[in-house]
Amino acid sequence: MTISDVTKLSSARPVSVRPLIWIGAITTGTVVTNLFAPQILVGLMGRSLEMTAFEAGLMSTLTLLGYALGLLLLVPLVDLVENKRLILRTLACAIVAALGTALAPTPDFLLAATFILGASCAAIQMVVPLVASMVAPERRGQAIGDVMSGLMIGILLSRPAASLIADAWNWRGYYITSAILMIVLTAALARCLPTLKPVTATSYGALLRSFPTLLREEPVLRVRAWTAALVMASFTAFWAAVALRLPDAPFNLDARGIALFALIGVAGAAATSAAGRWGDRGFARPLLIGSHLLIIIAVALCIWAAMLESRIAALLVMSIGAILLDLGITTDQTLGRRAVNLLRPEARGRINGLFVALFFIGGAVGAAAASAAWSFGGWTMVCVVAGAFGVLGVITDLATKTGSS
């Protein structure tokens, strides 16, 4: 029996795909907030537990490091272990880790809990391919786009949501809220997720050793992971630096205003479903080229916005730039997900883990580049760097058609 046979058997069960897609979208959006919340809560958490500057700085690092390891060590289990059970157990670990973070009595306990929470957030990269596998290939792009909309909204809302909950309650309240939401969603997934048993006849060690082979043999994975890393670098470069620019003239925003500005980017997540749908119709290549051109146009608008004298005009232009930037990024991400999820069904866990891990590296590069650019040339240089990643994306589009059908 082949993997496709297994997938057909699973799909033949009374599984309602549309509710599953929406629950998957809400779950990924909720879980992913835990990865970025420490970036805004670090000050409150550090003071509460009297942490040193080094310990406080480790919180975000350990959360993201845990996630990276989860992508490489846990997500490949999708190809070896029954998927529903794996997802539910991983989410259970995330719930326990979130509660552990909320109740942490010491810095060491907190750091350990945030690391485990980051690793357990890899569950979102198990949900996306499972939902995609329940949909016919000709509609897979739209399904992935719907789930990705939840993921991108969660990423964009994570910082303002964490800030607002902490202001209304405290930082521990954020993690308690996150744990409660994940409990509800895990219960929903337990009812809705289909059973999908992989038939890979290999060992866990062999799965991990197959990563280089997959990269070598799958040009679609290489190209789409490359452009995904580029756009993620643009994303992190922009959002890592924009909070430093908005308090100054002509914008003059306070902390609450900056949090509200971050909500504007959510509008870009609306592109995910449409991008997936048009990708299914054969328009992936022009959409990919357009997405990378949008990034270039967006950062040009953001440079111009900072030069305007009118506060209202500057905020309007900057908002349009932020929306276009997120529009371009989510389009590339959605089409990239669609392309890699049409590859080997028996390796979808490893392929998704590799894809996300590689564009995750792009995000780290973008954050580092933004820091250096800000020190060297301020906001304008940050935008130039973010735009340069978009230029590399266009060059890639023109040089290859791999994964753009």
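Let's start at K84, which sits in helix 4, the stretch covering residues 83–102. Keep in mind as you look around that this is a predicted model. Where does the charge of K84 find a partner? K84 is buried yet takes part in no salt bridge, and E82, the nearest side chain of opposite charge, is 7.2 Å away. What the side chain of K84 does have is a backbone oxygen: that of A190 lies 2.8 Å from one of its polar atoms. Setting aside residues up to four places away in sequence, K84 touches L189, A190, L193, P194 and T195.

E82, the residue that K84 does not reach, has a partner of its own. The side chains of E82 and R85 meet in a salt bridge, with 3.9 Å from N to O. That distance falls inside the 4 Å limit for a salt bridge. The two ends of this pair sit in different classes of accessibility: E82 counts as buried at 10% relative accessibility, while R85, at 38%, counts as partly exposed.

How many salt bridges does a search of the whole structure find? The search returns five. Another of them joins R350 and D79, whose closest N and O atoms are 2.8 Å apart. R350 belongs to helix 16 and D79 to the loop between helix 3 (53–73) and helix 4, so this pair ties together parts that are 271 residues apart in sequence. Both ends are away from the surface by the accessibility criterion: R350 is buried, with a relative accessible area of 9%, and D79 is buried too, with a value of 1%.

R338 gives a further example, forming a salt bridge with D280 in which the closest N and O atoms are 2.9 Å apart. This pair also links distant parts of the chain, with R338 in helix 15 (residues 311–340) and D280 in helix 13 (residues 271–280), 58 residues apart. R338 and D280 are both buried. Elsewhere, a network of salt bridges links E217, E218 and R344.

Now return to helix 16, which runs over residues 348–399 and holds N352. Is N352 buried or exposed? Its relative accessible area is 0%, so N352 is buried. The side chain of N352 is joined to that of N341 by a polar contact of 3.2 Å. Beyond residues up to four places away in sequence, N352 touches Q125, P129, R337 and N341.

One of those contacts, Q125, makes a good next stop. Q125 is placed in helix 6 (residues 124–133), and it is buried as well, with a relative accessible area of 1%. Which residues does Q125 contact, leaving aside its neighbours within four places in sequence? They are Y67, L71, V75, L151, R337, N352 and V356. R337 therefore appears in the contact lists of both Q125 and N352, given that contact means heavy atoms within 4.5 Å. For a sense of scale, the C-alpha atoms of Q125 and N170 are separated by 29 Å, although these residues are 45 places apart along the chain.

Helix 2 invites a little arithmetic. At 1.5 Å a residue, its 32 residues (17–48) should span 46 Å, and the end C-alpha atoms are 44 Å apart, which agrees. Helix 2 does bend, however, by about 70 degrees at L41. After helix 2 comes E50, whose phi is positive, near 50 degrees. E50 has this positive phi although it is not a glycine. The residue is placed in the loop between helix 2 and helix 3, and with a relative accessible area of 71%, E50 is exposed.

A final stop is the loop between helix 11 (219–245) and helix 12 (255–264), where P250 lies. A cis peptide bond joins A249 and P250, with omega at about 5 degrees. The loop between helix 11 and helix 12 also holds N252. Phi of N252 is near 55 degrees, again a positive value in a residue other than glycine. As for accessibility, N252 is partly exposed, with a relative accessible area of 43%.

How values were computed: Residues are numbered from 1 along each chain as its sequence is written. This is a predicted model: local features need pLDDT of at least 70, side-chain atom pairs count only at pLDDT 80 or more; totals for chains, interfaces and linings use all residues. Side-chain values use heavy atoms; hydrogens and water are left out. Helices (H or I, at least four residues) and strands (E, at least two) are DSSP runs, numbered from the N terminus. Buried means under 20% relative accessible area, exposed over 50%, partly exposed in between (1.4 Å probe, protein chains only). Lys and Arg count as positive and Asp and Glu as negative; His and the chain ends are not counted. A polar contact is a pair of N or O atoms within 3.5 Å; within protein, one must be able to donate a hydrogen and the other to accept it, and residues adjacent in sequence count only if both atoms are side-chain atoms. The expected span of a helix is 1.5 Å times one less than its number of residues. The bend at a residue is the angle between axes fitted to the seven residues ending there and the seven starting there.
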